[in-house]
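User: Hey, I'm new to this one. Can you walk me through it?
Analyst: Sure, here it is.
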Amino acid sequence: MRLTLTVNGEPYDIDGVAGTESLLSVLRLRLGLSGAKNACEQGQCGSCSVHLDGVLVCACLVPAPQAHGRSVETVEGLAGEDGPHPVQEAFLACGAVQCGFCTPGMLKATEDLLRRCPDPGEAEIKDALAGNLCRCTGYRHILDAVRMAADRTRALEARP
């Protein structure tokens with residue numbers, strides 16, 4: 001089938017997509033966007049998280065045909081023309097990036113949380129990250145990074 005979708009603001013037409021192919025496979029193998037990781041293929045780890053029409057999803061669970069005509073935002077689209085997104089900056093500043101395998105999903109989950117809740121409490125942060133697994137950091141640095149990202153995002157939005 002022919003798949004038409006928008007990824008990080010860029011339109012794509014992709015021929016020969018199998019009905020059984022996942023959105024993750026299309027992003028990684030056909031478009032060369034390797035940010036979303038292929039780890040569990042069961043939607044359990046969060047490393048393949050992307051926004052599909054503004055909703056956070058595990059790309060490994062989305063059949064590619066379901067993305068036809070829709071908009072996808074990957075971790076590659078997080079940074080803007082002015083540089084890294086505040087979430088990316090906070091993860092670096094707090095040492096929340098270890099091996100990097102979970103990082104794209106953590107970044108997208110944090111971005112999603114801050115879109116919905118600009119001043120999250122501890123319980124809201126933990127709930128938002130519950131679908132993301134990390135084997136390296138022990139989560140303390142990640143939680144610190146989310147709090148810092150929230151502070152930085154609110155500060156940027158408060159500027160006149």
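Analyst: A quick word on terms before the pocket: Ala, Val, Leu, Ile, Met, Phe, Trp, Tyr, Cys and Pro count as nonpolar, Asp, Glu, Lys and Arg as charged, and the others, Gly among them, as polar. Also, this is a predicted model.
User: Ok, so how do the residues lining the largest pocket divide up?
Analyst: Eight are nonpolar, three are polar and one is charged.
User: Which residues are they, among others?
Analyst: The lining includes Cys45, Cys99, Cys102, Cys134 and Cys136, along with Phe101, Leu133 and Arg135.
User: And what volume does that pocket have?
Analyst: About 200 Å³.
User: Which domains does the lining draw on?
Analyst: At least three residues come from each of domain 1 (3-77) and domain 2 (86-158).
User: Switching to those domains, what separates their centres?
Analyst: Taken over C-alpha atoms, the centres of domain 1 and domain 2 are 22 Å apart.
User: How many residues are in contact between them?
Analyst: On the domain 1 side 16 residues touch 14 residues of domain 2.
User: What area gets buried there?
Analyst: About 1,100 Å² is buried between the two domains, with carbon and sulfur atoms giving 57% of that. On domain 1, His51, Leu56 and Val75 supply 37% of the area that this domain buries against domain 2, more than any other three residues.
User: How many salt bridges cross the interface?
Analyst: The rule finds one between domain 1 and domain 2. Glutamate 73 forms a salt bridge with arginine 115, and their closest N and O atoms are 2.5 Å apart.
User: And how many residue pairs are in polar contact across it?
Analyst: Seven pairs across the interface of domain 1 and domain 2.

Terms used: Residues are numbered from 1 along each chain as its sequence is written. This is a predicted model: local features need pLDDT of at least 70, side-chain atom pairs count only at pLDDT 80 or more; totals for chains, interfaces and linings use all residues. Side-chain values use heavy atoms; hydrogens and water are left out. On a 1 Å grid over the protein atoms alone, a cavity is a set of points where a 1.4 Å probe fits but cannot get out, and a pocket is an open set with protein on both sides within 12 Å along at least five of seven lines; lining residues have an atom within 4 Å of a point. Grid points are joined across faces, edges and corners, and a volume is the space filled by probe spheres set on the points. Domain bounds come from an automatic or database domain assignment. Contact means heavy atoms within 4.5 Å. Buried area is the accessible area (1.4 Å probe) that two parts lose on being put together, summed over both. A salt bridge is a side-chain nitrogen of Lys or Arg within 4 Å of a carboxyl oxygen of Asp or Glu. A polar contact is a pair of N or O atoms within 3.5 Å; within protein, one must be able to donate a hydrogen and the other to accept it, and residues adjacent in sequence count only if both atoms are side-chain atoms.
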